[in-house]
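Hi everyone, thanks for coming. Please pull up the model on your screens, and let's walk through it together.

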Amino acid sequence: MTVLLDPTSERSPTIRPRLPRPQSLDGLTIGILDIAKSRGDVFLHRLGERLGERGIAVKHYAKPTNTRPAPLPLRQQIATEVDLVIEGLSD
Amino acid sequence: MTDRLPQDGLVAVVKRDCPTCVLAAPVLGDLARNGGLTVYTQDDPSFPETVPGRVDDTALDVSHRLKIEIVPTLIRFEAGREVGRTYGWDRGEWRRLTGVEGLGPGLPEARPGCGAKNLEPGIIERLKIRFNETGLKSRRIEIGKDEDEQEAMYARGWSDGLPLVPPTEERVLRMLDGTARDPQEVLGLVPPALAAATVEKIAVNAVMAGCKSEYLPVVLAAVEAVLDESFAMHGVLATTGFVGPVLVVNGPVRGRIGMNAKGNALGQGNRANAAIGRALQLVIRNVGEGRPREVDRATLGNPGKYTYCFAEDEEGSSWAPLSVERGLKPGQSAVTVFAGYGLQGVTDQKSRDPESLSRSFAGSLLGLGNVKLAPACDAMLVISPEHHRTFRQAGWSKARLYEELYRLCEIPGADLVTGAKAIAEGGPASLAGKPVNKFRPGGIMIVRAGGDAGMFSGIIGGWSAGGPRSSLPVTKEVRN
């Protein structure tokens with residue numbers, strides 16, 4: 001028998017289920033997160049307009065750069081201000 | 001075994017392989033005959049013949065418990081406690097411990113002892129494992145005797161695709177001999193899992209990558225460098241772009257561990273170059289959980305993501321090494337990490353003056369990423385000795401070459417506008433009318449490497465998102 005040392009971090013991450021999708025957007029606030037990819041703002045701005053036309057409250061957010069994870073304060077702000085988030089992952 | 005040590009009296013630990021033990025064997029015989037001496041022998045149970053009641057310690061348990069460093073060692077116990085110890089043969093010291101005058105009348109006054117067998121490399125590790133003294137915290141994974149170790153490691157997802165050296169406790173302990181740092185020291189959090197990179201975990205991965213223990217300080221410096229905030233390791237991993245960490249090693253450590261800075265420096269065949277770069281990638285994979293087609297979203301990737309590590313050829317250069325240019329002292333060993341990929345060859349066998357050769361380099365640099373993109377990405381220019389000679393003979397400093405390359409990499413904005421040159425890629429029409437540089441200030445790094453023959457240099461492309469807002473090169477000193 002050989003004994004090997006585990007090269008991994010030995011984490012056992014907690015898997016948290018996603019929140020259930022809402023049946024309706026009525027009365028909910030939607031956050032739109034621009035991750036700073038090229039022309040993402042154009043697409044997301046139009047999306048915000050379309051949602052606004054349907055009477056849905058929209059808040060816009062932007063990451064300072066697409067190359068790093070969103071700063072913690074931004075994530076916390078989004079979590080406390082909106083019910084749903086839309087983000088574009090690529091250009 | 002310790003409980004079988006005498007409560008009172010003398011203990012000697014010896015081995016036949018030690019001439020001083022052989023020299024002192026008659027004295028041990030005399031002391032044993034008088035009673036009160038127990039002799040433990042480390043290598044040959046028939047030694048010393050002068051002591052019929054000698055005890056076989058070839059398993060080295062007693063030697064390890066007594067922390068024997070030198071043989072012969074003579075120890076006095078009183079009421080189960082050690083009250084005195086001496087090493088080697090020294091008549092005065094032995095008289096003090098034994099209380100016997102005139103020991104070994106024919107012997108010289110003193111002779112130094114020999115290294116104890118229980119401390120030999122390969123043996124000390126096994127003893128620490130047997131006595132559960134390794135201090136290693138990693139989970140132990142038992143591989144059944146009928147199981148193939150390689151397959152077991154593949155099955156657990158530890159491999160980059162190539163076979164691994166099994167990280168046994170013994171190998172990891174020997175790896176850790178390469179550094180004075182505490183195995184539980186945390187060098188940082190490895191993305192994307194943000195899991196702690198302890199020296200121990202890095203050592204486990206360095207074993208798997210094929211490192212020797214003397215490479216470990218370089219691997220540790222490389223891990224520190226990529227975990228520096230300004231390198232943005234999470235983004236370098238997660239990007240759809242081509243890049244991965246490229247490592248350039250400077251300073252005396254290159255020679256000490258036998259790195260290759262000469263012919264085929266960026267290629268295969270040198271263990272240190274290959275294993276150090278691979279160890280870093282395995283740390284990202286196994287500790288950070290950064291795996292391709294998971295958080296690593298690379299569209300194509302590049303072969304350097306197995307390993308991309310080389311040494312700068314500092315000897316014979318008229319230019320300061322990269323590490324010195326980046327703020328370290330000459331003679332300090334260092335690793336610089338750069339988010340880069342591949343190699344774009346620059347062949348120029350006709351230029352004999354620096355102006356012409358600079359234009360060759362600039363022409364190739366301008367194609368990086370896309371001829372229509374500027375600023376495009378950072379770049380590392382690896383200049384071969386024969387190309388460097390042209391600059392040296394003309395008295396060009398590295399600073400002058402940088403200056404010239406930036407000047408030559410300025411592009412008329414009109415050439416970069418989308419649609420220009422019948423290529424849709426490009427920038428807005430507002431670029432027209434103003435010059436745009438292919439590189440941000442400081443976006444080119446020059447290093448010297450390669451074989452003495454050949455007018456071939458190379459360009460390592462950077463990340464399209466490179467620069468202060470994302471990934472900057474980072475240099476860390478190699479510490480033992």
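I'll start with each chain by itself and then turn to the place where they touch. One thing to keep in mind throughout is that this is a predicted model.

Let's begin with chain A. It has two helices and four strands, and from the N terminus on, the elements run β-β-α-β-α-β. If you rotate chain A, you'll see that its C-alpha atoms fill a box of roughly 70 × 30 × 20 Å along the principal axes. A compact globule of 91 residues would have a radius of gyration near 12 Å, whereas chain A comes out at 18 Å. Burial tells you something about chain A too: 16% of its 91 residues count as buried.

Now, how do the strands of chain A go together? Have a look at strand E2, residues 29–34 of chain A, which pairs with strand E3, residues 57–62, in the parallel sense over six bridges. If you want a spot to click on, Thr29(A) stands opposite Ala57(A) in E3(A). Helix H1, residues 40–53 of chain A, joins E2(A) and E3(A) in a right-handed β-α-β unit. E2(A) also pairs with strand E4, residues 84–87 of chain A, again in the parallel sense, here over four bridges. In that pairing, Gly31(A) has Val85(A) of E4(A) as its bridge partner.

On to chain B. Here we have 15 helices and 21 strands. Its C-alpha atoms fill a box of roughly 105 × 50 × 35 Å, and its radius of gyration is 30 Å, against near 23 Å for a compact globule of 480 residues. Buried residues make up 47% of the 480 residues in chain B. The domain assignment gives two domains for chain B, domain 1 at 2–120 and domain 2 at 151–477. The C-alpha centres of domain 1 and domain 2 of chain B lie 56 Å apart. As for contacts in chain B with a separation of 6 or more, 74% are between residues 24 or more positions apart.

So where do the chains meet? On the chain B side, 33 residues are in contact with 15 residues of chain A. Several elements of chain B each supply at least two residues to that side, among them strand E10 (140–143), helix H6 (169–176) and helix H11 (271–286). By type, the chain B residues touching chain A divide into 16 nonpolar, nine polar and eight charged.

My favourite part of the contact is a pairing of strands across the chains. Strand E1 of chain A, residues 2–5, is joined to E10(B) by four bridges, and the two run antiparallel. To find it on screen, go to Val3(A), whose bridge partner in E10(B) is Glu142(B).

Last stop: is helix H6 of chain B largely enclosed or open? Six of the eight residues of H6(B) are buried, so this helix is largely enclosed by the rest of the structure. The buried ones are Glu169(B), Arg171(B), Val172(B), Leu173(B), Met175(B) and Leu176(B). And what covers the buried residues of H6(B)? The cover includes E1 of chain A, together with helix H4 (124–130), H7 and helix H8 (216–227) of chain B. In other words, E1 of chain A turns up twice in our tour, in the strand pairing with E10(B) and in the cover over H6(B).

That's it from me, thanks for listening!

Terms used
Residues are numbered from 1 along each chain as its sequence is written. Chains are lettered from A and ligands numbered from 1 in the order in which they are written. This is a predicted model: local features need pLDDT of at least 70, side-chain atom pairs count only at pLDDT 80 or more; totals for chains, interfaces and linings use all residues. The radius of gyration is taken over C-alpha atoms; the globule rule is 2.2 Å times the number of residues to the power 0.38. A residue is buried if 20 or more other C-beta atoms lie within 10 Å of its own, exposed if 12 or fewer, and partly exposed in between; C-beta atoms are placed from the backbone. Two residues are in contact if their C-beta atoms, placed from the backbone, lie within 7 Å. Ala, Val, Leu, Ile, Met, Phe, Trp, Tyr, Cys and Pro count as nonpolar, Asp, Glu, Lys and Arg as charged, and the others, Gly among them, as polar. Two strands pair if DSSP finds at least two bridges between them. Domain bounds come from an automatic or database domain assignment. A crossover is right-handed if, with the strands pointing away from the viewer, the path from the first strand over the helix to the second runs clockwise.
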